[in-house]
Amino acid sequence: MSETPQQSRPDDEMLSSPLPPVESPSATETVAASAPDPSQPINPEVVEGIDPHPERPTGSVQTPPVEAETPTTPQSDLQSLTVKLAEISNQRDAFQSQYLRIAADFDNFRKRSSKEKEDVELKTKCATIIELLSVVDNFERARTQIKPQNDGEMGIHKSYQGVYKQLVESLKRIGVSPMKSAGQQFDPNLHEAVMRQPTDEHPEGTVIDELQRGYYLGDRILRHALVKVAAPPEQLSSEDAASFDSSVDN
């Protein structure tokens with residue numbers, strides 16, 4: 001039996017033919033291949049493995065020396081806390097003392113301002129009332145000096161006396177009250193003596209007559225009273241009496 005020669009297949013020829021040599025890439029091509037494409041986004045996983053400081057030596061790294069911590073004891077902690085507590089207590093006392101001083105100064109300022117305001121109001125009120133008292137004095141002089149003679153004069157007298165009473169009532173409502181000086185002992189705090197009259201009818205220093213009435217505003221003296229005061233009767237000396245008798249004989 002004759003053997004038939006085996007026909008070679010194209011695949012076998014490809015396997016039996018030698019492969020062309022593979023050229024290794026040059027260093028320039030390697031760097032160019034490894035360089036990242038600026039148009040492509042950077043992968044964080046890839047960047048994580050890259051040393052940001054390639055020039056820094058990776059050998060021994062000098063680190064600053066670490067001071068050894070001094071072990072603390074409960075006794076030292078207690079002492080430090082005691083010192084801090086004392087400092088805080090001193091600061092609290094200083095702040096409290098400062099607060100009390102400021103509060104006292106403010107209270108004094110408030111009281112002083114209130115008193116000054118009341119004094120100004122009282123002075124203004126007194127000045128206004130004193131001007132009105134001269135009108136009251138004129139009404140009182142007219143009442144004592146004018147004596148109506150007929151019905152017409154009596155009508156006029158009653159009309160202005162009605163105005164006088166209305167004015168006096170208005171003054172009473174705001175705290176004005178008259179003094180009663182006649183028959184009282186002279187008091188320099190209330191009275192102003194403008195005349196002295198020798199008399200036996202009244203003790204020395206007694207107010208005989210009230211020339212101008214004084215007034216109060218509450219407990220405050222609004223105007224002093226002008227008064228006439230009793231004085232002891234004049235007694236002639238022995239020489240005056242002798243000269244008086246001789247002049248009579250002649």
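Two strands are taken as paired if DSSP finds at least two bridges between them. With that in hand, a good place to enter this predicted model is the pair formed by β4 and β5, where Y215 stands opposite R223 in β5. Strand β4 covers residues 215-217, and its antiparallel pairing with β5 extends over three bridges. The two strands form a hairpin with two residues between them, and in the turn G218 has a positive phi of about 70°.

The wider setting is a chain of six helices and six strands. Read from the N terminus, the order of elements is α-α-α-α-α-β-β-β-β-β-β-α. Of the 250 residues in the chain, 13% are buried. Among contacts between residues at least 6 apart in sequence, 64% join residues at least 24 apart.

The hairpin belongs to an open sheet of three strands, ordered β1-β4-β5, with antiparallel pairing. Its edge strands are β1 (176-178) and β5 (220-223), each of which pairs on one side only. From one strand to the next, the twist in this sheet averages 35°. Helix α4 packs on the sheet and touches β1, β4 and β5, its direction making about 45° with that of β5.

Helix α4 also meets a helical partner. The axes of α4 (residues 74-145) and α5 (residues 151-173) come within 10 Å and cross at roughly 145°, and this crossing is left-handed. On the α4 side, the contact is made by I129, L132, L133, V135, V136, F139, E140, A142 and R143. Helix α5 answers with H157, Y160, Q161, V163, Y164, L167, V168 and L171. By residue class, the contact of α4 with α5 divides into 13 nonpolar, two polar and two charged residues.

Which residues have the most contacts inside the largest nonpolar core? They are I129, V176 and L222, in a core of 14 residues. Helices α4 and α5 and strand β4 each supply at least two residues of this core, and α4 gives the most, with six. Residue I129 deserves a closer look: leaving aside its neighbours within four places in sequence, I129 is in contact with L171, I174, V176, L217 and L222. Of these partners, L171 is also one of the α5 residues in the helix contact described above. A second, separate core has five residues, among them M179, V207, V227 and V229. In soluble globular proteins, nonpolar side chains tend to be buried together.

The other sheet is likewise open and built from three strands, here in the order β2-β6-β3, with mixed pairing. Strands β2 (191-198) and β3 (207-212) stand at the edges with a single partner strand each, so one side of each is left without a neighbour in the sheet. The twist in this sheet averages 30° from one strand to the next.

The mixed character of the sheet can be followed through β6. Strand β6 (residues 225-231) runs parallel to β2, and seven bridges join the two. Along this pairing, H191 stands opposite A225 in β6, while R196 stands opposite V229 in β6. With β3, by contrast, β6 is joined by four bridges and the strands run antiparallel; here D209 stands opposite K228 in β6. Strand β6 is mostly covered, with six of its seven residues buried. Two residues of the second core, V227 and V229, may be looked for in this part of the chain.

Taken together, two elements help in finding one's way around the model. Helix α4 touches β1, β4 and β5 of one sheet and gives the most to the largest nonpolar core. Strand β6 pairs with β2 in the parallel sense and with β3 in the antiparallel sense.

Notes: Residues numbered from 1 in each chain as written. Predicted model: local features only at pLDDT ≥ 70, side-chain atom pairs only at ≥ 80, totals over all residues. Heavy atoms only, no water. Axes fitted to C-alpha atoms, helices over the stretch in contact; angles between N-to-C directions. Left-handed = near helix turned anticlockwise from the far one by under 90°. Contact = heavy atoms within 4.5 Å. Nonpolar A, V, L, I, M, F, W, Y, C, P; charged D, E, K, R; others polar. Core = buried A, V, L, I, M, F, W, Y, C linked by side-chain atoms within 4.5 Å. Buried < 20%, exposed > 50% of the residue type's maximum accessible area, 1.4 Å probe, protein only.
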